[in-house]
Amino acid sequence: EARQLTAKVQLTEPGIELTDLNVQVFGGNIKGNGRLVRYSDKPDAVTAQLAYETLDIKRLFSECKNFGQQDITSEHLSGILSGNIQMSMPVNDKNEISLQGLTALVDMHLKNGAIVNYEPLKKLSRFADVDELTQLRFSDLKNSFMIQNSVVSIPEMDIFSNALSLTLSGTQAFDGLMDYRIKMKLSELLKRKRKPQPQADEVLEEEEGGRGMFIFLTMKGYADNMKIAYDKVSVKKKVKQDLSEEKERIKDVLKKELGIRKDPTIKEKTTNDDELEFE
C-alpha cells in the first residue's frame, strides 16, 4: 500500500529511469532513484539506490508476503527499520521480478525490535531462560549485509537483548538453511546460572585480551531441525591469533625494556599444518 508517490520519469534507451523517487509505504518513507533496463540477449533488470526511513518491519514482511519464505515471518517480527539499499534484480518477459536473482548491499538500523516465538532461538534455552527467548527484545541493532545467489551474508555484529548479549555472524539461504557463528560471554552466562556442560576434550572458552572469557557456538540447519554445537574453529583461530600477538609482545619487551638483541638460538618453524612451534 503506497501513498503520495512522486518521481521524475524518463523514457530512455533501453528502458525507464526514475529519479527523485519519494513514496510513503510500510508505515514509513522510501526515496531514491531506480531504473528498468531492457536487454535483448538476457532478462531485463531493475536497479535501484534507495534510502528508507522508519519502516514498520512487521508491515514490510506482511505486505511483501514474507519475501517468498516462511521461516521468519511478519508474525515473528516487530520494530522500526531505517537504512540504505543498493540492489539489482532480473525481470522476466511478464514483468515479474525474481528474488532468486537479487543482488543487494543493505545498511540496516532497527530500533525497538523484537523477535517473537522464533523456533531456532528456543534452541539456545540451554544458555538463557526459555520465556525470555520467546520474546527477544533489543533497543538498537545495526549492521550491513549482502544478498547474492539466494544467500544473505551477515558480517559480525553485536546483539544486546533482554535475554542474552552475543556476537553473531553467518549466512542464511532463501530456502531457509542457516549457518551462524555465535560468541557469548561466560560471565554473563554464569550470572544467569546457565553453564554449559561440554565433553572433556572440547575447548569452550578463550580469554580475549583481559576482557573476559567467551564461549563459541555454531548454529546450523533448518528452523525445524537446528543443530547447536561448540565452535572449535573459531576458538582455534583465536588461540593462534593470541599466540602470534604474544610473540610480538615478547619481541617488543626484549628490544625496548631489556635493551638486548633477539637470541639467535630462539627461532620459529612452521609445521605442515601451518601452526607455529618454537625451538
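This report walks through the fold, the core and the side-chain pairings of one chain. The model is a predicted one, and every value below is computed from it.

**Overall picture**

Let's start with the chain as a whole. Five helices and 15 strands make up its secondary structure. The chain runs to 279 residues, and 38% of them are buried. What about contacts across the sequence? Taking contacts with a separation of 6 or more, 48% are between residues 24 or more positions apart.

**The hairpin at the start**

Strand E1 covers residues 2-12, and strand E2 covers 15-25. These two strands run antiparallel to each other and pair over eight bridges. Two residues sit between E1 and E2, and the strands form a hairpin. One of the facing positions is threonine 12, which has glycine 15 of E2 opposite.

How many of the 11 residues of E1 are buried? The count is zero, so E1 is hardly covered. Lysine 8 fits that picture: this E1 residue is exposed, at 54% relative accessible area.

Lysine 8 also ties the two strands together through its side chain, meeting aspartate 20 in a salt bridge at 3.3 Å, N to O. That joins E1 to E2, with 12 residues of sequence separating the partners. Aspartate 20 is partly exposed, with a relative accessible area of 48%.

**Glycine 27 and its surroundings**

Moving along the chain, glycine 27 lies in the loop that connects E2 with strand E3 (28-37). Its relative accessible area is 52%, so glycine 27 counts as exposed. Exposed or not, glycine 27 has partners from further along the chain: beyond four places in sequence, it touches Thr54 and Arg59. Isoleucine 57 is 30 residues from glycine 27 in sequence, yet their C-alpha atoms are 8.9 Å apart.

**The core**

The largest nonpolar core has 52 residues, and the members that touch the most other members are Ile30, Tyr52, Leu81, Met87 and Leu168. In general, nonpolar side chains tend to be buried together in soluble globular proteins.

Leucine 81 is worth a look of its own. Which residues does leucine 81 contact once neighbours within four places are set aside? Its contacts include Tyr52, Glu53, Thr54, Leu55, Ile57 and Leu60, and also Met108, His109 and Leu110. Tyr52, one of those contacts, is also on the list of core members with the most partners. Thr54 turns up twice too, as a contact of leucine 81 and of glycine 27.

**Salt bridges**

The structure holds four salt bridges. As a general point, side chains of opposite charge can pair when their charged atoms come close. Three of the bridges are set out here, with the N to O distance and the relative accessible area of each partner.

| Basic residue | Acidic residue | N to O distance |
|---|---|---|
| Lysine 8, 54% | Aspartate 20, 48% | 3.3 Å |
| Arginine 38, 37% | Aspartate 44, 10% | 2.5 Å |
| Arginine 181, 31% | Aspartate 231, 3% | 2.8 Å |

In the second row, aspartate 44 is buried, while arginine 38 is partly exposed. The third row repeats that arrangement: aspartate 231 is buried and arginine 181 is partly exposed.

The bridge between aspartate 231 and arginine 181 spans 50 residues of sequence, linking the loop between strand E13 (227-230) and helix H5 (232-257) to strand E10 (residues 178-185).

**A second hairpin**

E13 has a pairing of its own. Strand E12 (residues 213-221) joins E13 in the antiparallel sense, over four bridges. Five residues separate E12 from E13 in this hairpin. Among the bridge partners, threonine 218 is matched with alanine 229 in E13.

**Rings and charges**

How many aromatic pairs does a search of the whole structure find? It finds one. The pair is phenylalanine 61 with phenylalanine 67, whose ring centres are 5.1 Å apart; the planes meet at 80°, which makes the pair edge-to-face because that angle is over 60 degrees. Phenylalanine 61 is buried at 15% relative accessibility, whereas phenylalanine 67 is partly exposed at 35%.

Two lysines place their charged ends over rings. Lysine 42 does so over tyrosine 39, at 4.6 Å from the ring centre. Lysine 183 does so over phenylalanine 214, at 4.8 Å from the ring centre.

Conventions
Residues are numbered from 1 along each chain as its sequence is written. This is a predicted model: local features need pLDDT of at least 70, side-chain atom pairs count only at pLDDT 80 or more; totals for chains, interfaces and linings use all residues. Side-chain values use heavy atoms; hydrogens and water are left out. Rings of Phe, Tyr and Trp (its six-membered ring) pair if their centres lie within 6.5 Å; planes under 30 degrees apart count as stacked, over 60 as edge-to-face and the rest as tilted. Buried means under 20% relative accessible area, exposed over 50%, partly exposed in between (1.4 Å probe, protein chains only). A charge sits over a ring if NZ of Lys or CZ of Arg is within 6 Å of the ring centre and within 35 degrees of the ring normal. Contact means heavy atoms within 4.5 Å. A nonpolar core is a set of buried Ala, Val, Leu, Ile, Met, Phe, Trp, Tyr and Cys residues joined through side-chain atoms within 4.5 Å. Two strands pair if DSSP finds at least two bridges between them.
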